[in-house]
Amino acid sequence: MGYIKSAALEETGYVVLDRYNQELDPKEWLDIEYNDWKSSGDTRFAPLASAFGDIECNGFWNHKPPRTDKDGVWIESQTEKAPNLTRRAQEPGANVGRCRVIELQPTPYGECLYNLHQDDNNRLNPDGTGWVVRGFFNLTDDTESYFVLRENRTDPQGETRIALPAGAQLIIDTQRLWHAATHNGTDPRYCLITSWTSGPELDAYIEKYHGVNHVDSVEVAQDVLDAGYAEQARKDAARAAYYAAKGQAEVRAMSEA
Ligand SMILES: [Fe+2]
């Protein structure tokens with residue numbers, strides 16, 4: 001049968017919407033409660049909607065009963081402090097799963113490449129229903145930062161780097177594309193991330209805000225790119241060596257038992 005997906009995301013896996021006038025809104029992301037949920041990079045998260053309305057960020061499939069990233073429960077103590085962020089997450093009218101603000105500490109390009117990952121937001125998603133994608137609304141004015149998207153984690157060919165000024169609005173098929181943010185700055189970056197179910201509501205929202213599925217990549221000097229590729233390879237090798245050593249130790253322990 002297959003999932004219901006947005007035609008707008010079919011070619012590249014992302015769309016960039018009109019920029020939101022973030023400067024007019026209060027900095028609600030500074031008022032809400034964060035926890036130390038570990039994601040890619042040095043992060044904290046402040047959920048606005050979670051599996052059961054608690055201040056936690058675990059995948060809905062890790063709860064009982066397990067379910068896919070849909071039907072998030074709004075957390076009143078958070079949404080009352082962040083009415084604009086809540087309104088924006090609800091504006092498409094698409095089903096919302098997890099909704100949270102990410103706080104990301106400065107992350108250079110090479111570290112970002114190491115952090116590249118695919119999400120698992122369609123785990124347990126029933127066939128024939130809407131595919132879960134994610135909205136990213138940049139809240140801080142991170143003029144030197146960019147979101148990195150790749151079809152293949154270790155292949156820079158076709159990499160897209162999307163600028164992250166305040167008010168940047170992206171929708172990404174994060175289960176298809178490898179993604180992470182390069183954050184060049186001294187202060188943390190804040191971004192609202194919402195899991196939306198694809199369907200006519202989300203399609204209409206993308207159209208209303210003139211979603212485009214191609215943007216020019218942020219220009220980065222070749223030596224910075226090359227250093228980043230090397231850093232990703234170095235960190236990948238170190239991780240592989242760590243697990244290989246651990247695997248060996250486990251084998252040894254088993255053989256000694
Ligand atoms: Fe992700």
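Colleague: Two strands pair if DSSP finds at least two bridges between them. How many bridges join strand 5 to strand 8 in this predicted model?

Modeller: Strand 5 covers residues 132-138 and runs antiparallel to strand 8. One bridge partner relation between these strands is that of Gly135 with Ile171. The number of bridges joining strand 5 to strand 8 is four.

Colleague: Which residue of strand 8 is the bridge partner of Tyr14?

Modeller: Strand 1 (residues 14-17) pairs with strand 8 (residues 169-172) in the antiparallel sense, over four bridges. Tyr14 lies in that first range, and its bridge partner in strand 8 is Ile172.

Colleague: Which residues have the most contacts inside the largest nonpolar core?

Modeller: In soluble globular proteins, nonpolar side chains tend to be buried together. The largest such core here has 53 residues. Outside its neighbours within four places in sequence, Ile171 is in contact with residues including Leu9, Val15, Val133 and Ile206. Those with the most contacts inside the core are Val101, Phe147, Leu170, Ile171 and Cys191.

Colleague: What radius of gyration does the protein have, and why does it agree with a compact globule?

Modeller: The C-alpha atoms fill a box of roughly 60 × 50 × 40 Å along the principal axes. A compact globule of 257 residues would have a radius of gyration near 18 Å, so the protein agrees with its value of 19 Å.

Colleague: Where is the pLDDT below 50?

Modeller: The mean pLDDT of the protein is 93, with 95% of residues at 70 or more. One stretch falls below 50 and has zero contacts beyond near neighbours in sequence. Where pLDDT is low, the predicted coordinates should not be read in detail. The stretch is residues 251-257.

Definitions and conventions: Residues numbered from 1 in each chain as written. Predicted model: local features only at pLDDT ≥ 70, side-chain atom pairs only at ≥ 80, totals over all residues. pLDDT = per-residue confidence, 0-100. Contact = placed C-beta atoms within 7 Å. Core = buried A, V, L, I, M, F, W, Y, C linked by C-beta atoms within 7 Å. Buried ≥ 20, exposed ≤ 12 C-beta atoms within 10 Å, placed from the backbone. Rg over C-alpha atoms; globule rule 2.2 N^0.38 Å. Helix = DSSP H or I, 4+ residues; strand = E, 2+ residues; numbered from the N terminus.
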